[in-house]
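Colleague: I am new to this structure and would love a close look at a single part. Could you walk me through one place where two chains meet?

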Amino acid sequence: MMPSELKPDHFKGYPPQGRDLAIRHLALLRLLPLAFLPILLREVIDYDWKFPAERTDLDNQFAYLNSLNSDQLNAAMTSFARFAPPRQFEKSDMVNQPGEFEQRLTAWLWSTRQMDAFQTAAQDYAEKLRTASLEVPLPLRRLSIVVVGQGVEQSSYPLFRKLKPLGVHFTKVVPENGMSLLRQGVTARAQSHPLSFGHWYIDGGPRFEGAWDAVTCISYAELEPMRSALLHRMRASIQSGGMGPETLRTMLLEMQPHELGATEPDPILSRFQVRVLTEGSGTQIYSTSFAQWAAREALRRAQPVTLLVRFAPRQRERSMDELLSNTKSGAETEVDPEGSLIDADIGGYYTWMNQQRLSGADESAFLIWFEDRNEAVAIGPSMPRGTSSSSSMNLGQILALMS
Amino acid sequence: MNGSGMGSSLPAIARSVSWNRREFLRSVGAVGLGAASLGLPRLRAMTPPRGQKAVVVTFGGGARDEETFAPEGQENIPHLLHELIPQATFFTQAVNRGILGHYVATASLATGVYETINNFASLPPQNPTVFEYYRKALKRPATDAWVVAPSNGFNRIGESDHRSYGDGLGAGVILPKRLLSAALAGSNTDLNHLLSDNYETPLYTPELGSSEIHLQQLERMLRLSVSEFTAHARSLESPDELSVYLARQLMRELAPSLLWITLHDIDVAHSGAYSLYIEGIRRSDRLCAEIWKAIQEEPEYAGKTTMFILPDFGRDADGDSGGNGFQHHRTGDPLSRTTWMMVLGPGVRQGAIVDRPVESIDLAPTLGSLLRFPTQFAAGKPLPEVV
């Protein structure tokens with residue numbers, strides 16, 4: 001099928017809000033190039049499970065495209081229109097399986113050495129879209145907090161090397177009640193500015209004790225049953241053979257929460273949990289990879305104004321077969337706190353980078369703390385770059401300085 | 001469709017990377033300033049000795065400058081910096097313009113053509129490999145060209161399906177993990193850590209290829225009993241150590257003139273664990289030095305072997321929002337395409353830096369010029385600095 005042949009009936013398999021969106025913009029969808037349309041439809045088909053910020057972005061994208069006259073639309077799409085996938089692509093079900101179509105398109109672009117040109121086209125388009133979108137002021141300064149080093153006895157690793165030049169290095173942090181103070185800081189922001197999926201807490205281990213009212217919480221420990229179910233499915237697929245890795249990847253991407261025994265009542269959050277485990281590489285086996293990727297995806301998708309990420313020790317390296325078979329119980333699993341500290345250190349840096357890609361970056365704040373230790377780095381407009389402080393302060397006081 | 005905000009062109013970024021590597025090398029005294037200022041004519045290699053051999057070491061899973069040549073990364077590569085580069089001609093920008101998957105990229109290195117085969121399928125390269133060119137042109141026996149491959153997915157790397165080459169003309173392929181699995185069949189073992197395969201797609205287990213060495217050949221060709229093999233494996237830390245162990249056994253017993261070793265431990269980066277990625281870099285650094293030392297110690301190799309070391313490609317930059325930094329090589333950004341190569345051996349100028357961009361597909365024709373065989377289907381060009 002070509003885009004020009006799209007009809008309302010083609011979207012009857014879509015969830016209600018996604019279907020409405022597609023039908024409302026059907027005239028526009030018919031005008032889009034074959035190399036562009038499935039990428040947009042992949043967003044539309046998931047509309048019902050998107051975070052508010054993602055819905056706003058998608059609505060803005062349609063508003064932008066609809067604002068263009070015929071010549072302007074052609075100009076905006078020229079760089080995509082010159083990619084002409086082979087005729088057999090037209091037989092693919094790009095409407096109901098846009099993800100699979102996108103994977104085939106990606107493979108074709110790589111094999112024909114057009115990937116670089118396609119990425120350039122995508123970047124140009126994203127830039128036009130960004131320029132056309134009005135930046136809405138944030139209700140409060142964006143803040144991300146990263147906690148690393150849980151369980152580390154001793155380490156000579158040079159922590160925070162990439163972050164120290166960007167803010168203040170605190171060397172005499174009072175560590176007592178550190179996590180409680182951070183919880184209080186996060187929940188206070190959530191309660192003063194209640195926003196749907198606007199405040200997040202992600203933990204690479206079990207959830208820290210206490211109330212997390214109005215905060216979206218996700219923890220590696222709570223997802224253990226889903227991870228086990230997923231690893232079991234992956235293992236079974238490997239043993240049965242007959243499926244190539246691309247087919248298996250498609251299977252993982254299409255997995256639904258109920259198939260993994262998800263218990264999260266919110267369908268949007270439940271979907272997010274599944275996506276973190278099925279799209280993230282290593283998130284099923286290493287808690288540090290889980291925490292970093294979940295933070296990245298939360299920032300990219302939900303664009304929260306508050307994010308707290310706490311890294312926990314991951315299991316020690318074993319063979320991929322062992323990791324996938326997951327034969328050892330949680331209690332038996334040997335952990336690697338020192339390695340996890342190094343993982344978390346770069347994970348913290350990536351979290352800062354991902355936050356800086358969002359709106360309000362110039363005003364945003366970031367704090368990283370070596371758990372139960374005296375060391376932290378704070379970055380933000382009120383934190384002089386490349387400086388250090390030997391003042392004795394607890395985390396509540398540092399947060400107050402940053403606000 | 002995230003924009004990366006990286007508007008610079010590949011050549012511009014490649015030049016910048018090249019300059020940085022040169023400065024990094026100068027900063028640690030790995031090369032002399034005099035060598036760096038030499039022009040192309042004076043860099044041209046001297047005549048290689050007769051009975052020339054070549055050993056190629058590739059990293060399947062590139063390492064970025066931040067973790068290697070940049071100041072904060074130099075602690076991870078002491079052997080490359082202080083032992084090997086001073087003896088090498090170092091190419092600061094080797095660009096891979098092909099598909100950034102390890103199998104297909106290694107196939108491209110071996111054929112001198114950007115291959116387009118499915119990275120995750122059990123398929124041979126489409127164009128003749130250096131092994132086929134070498135054996136056919138010089139009428140060399142099957143025992144004279146070998147590949148030690150990291151992942152079971154590399155089982156077809158030794159031989160193309162090109163109609164003028166292919167069947168029976170390729171290299172023997174040793175898949176150390178497959179051999180170890182076979183040797184351990186049915187037994188409880190503590191050696192699972194040596195069997196990690198294909199970090200990028202652990203779901204893939206290909207069928208055996210025809211040129212792949214089988215367990216029964218272990219003793220006949222490598223003079224290595226199953227019990228010796230498994231006993232030694234118990235002393236090893238990683239799959240790459242197992243590969244190097246078998247490569248050394250090959251060198252001792254068969255002394256192939258064309259030996260290709262692909263290391264893969266670094267690719268554990270796909271799991272997202274940065275500490276394991278760093279461990280992989282440090283191990284690869286040490287293993288490269290061990291291979292070079294083995295070349296000096298083996299009478300069949302000493303004084304007549306050229307070694308090439310190069311990553312198959314890089315990894316994604318931190319600054320590209322389409323990727324996740326060190327973890328993958330999916331964006332195709334300039335940093336993931338731009339890497340380096342070093343060449344050591346008799347006739348190769350020591351401590352020299354070459355800043356002009358070369359392509360990874362130049363390796364195959366360079367090997368051809370070095371060992372005196374034509375590579376007529378290769379798209380790359382021989383590197384005059386080393387042949």
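Modeller: Happily; what follows is a look at one pair of packed helices. This is a predicted model, in which local features need pLDDT of at least 70, side-chain atom pairs count only at pLDDT 80 or more, and totals for chains, interfaces and linings use all residues. Residues are numbered from 1 along each chain as its sequence is written, while chains are lettered from A and ligands numbered from 1 in the order in which they are written.

The pair consists of helix H14 (residues 337-356) of chain A and helix H11 (residues 274-297) of chain B; helices here are DSSP runs of H or I with at least four residues, numbered from the N terminus. Their axes lie 7 Å apart and meet at an angle of about 105 degrees. Each axis is a line fitted to C-alpha atoms over the stretch in contact, and angles run from 0 to 180 degrees between N-to-C directions. H14(A) and H11(B) are therefore roughly perpendicular, a word used for angles of 65 to 115 degrees.

On the H14(A) side, the contact is made by Gly339(A), Ile342(A), Asp343(A) and Ile346(A). H11(B) contributes Tyr274(B), Ser275(B), Leu276(B) and Ile278(B). Two residues are in contact if their C-beta atoms, placed from the backbone, lie within 7 Å. By kind, the residues of this contact divide into five nonpolar, two polar and one charged. Here Ala, Val, Leu, Ile, Met, Phe, Trp, Tyr, Cys and Pro count as nonpolar, Asp, Glu, Lys and Arg as charged, and the others, Gly among them, as polar.

For the setting within chain A, that chain is divided into domain 1 (3-132) and domain 2 (143-402), with bounds from an automatic or database domain assignment. The centres of these two domains, taken over C-alpha atoms, are separated by 31 Å. Eight residues of domain 1 of chain A are in contact with 11 residues of domain 2 of chain A.

Note on methods
Helices (H or I, at least four residues) and strands (E, at least two) are DSSP runs, numbered from the N terminus. Angles under 35 degrees count as roughly parallel, over 145 as roughly antiparallel, 65 to 115 as roughly perpendicular and the rest as oblique.
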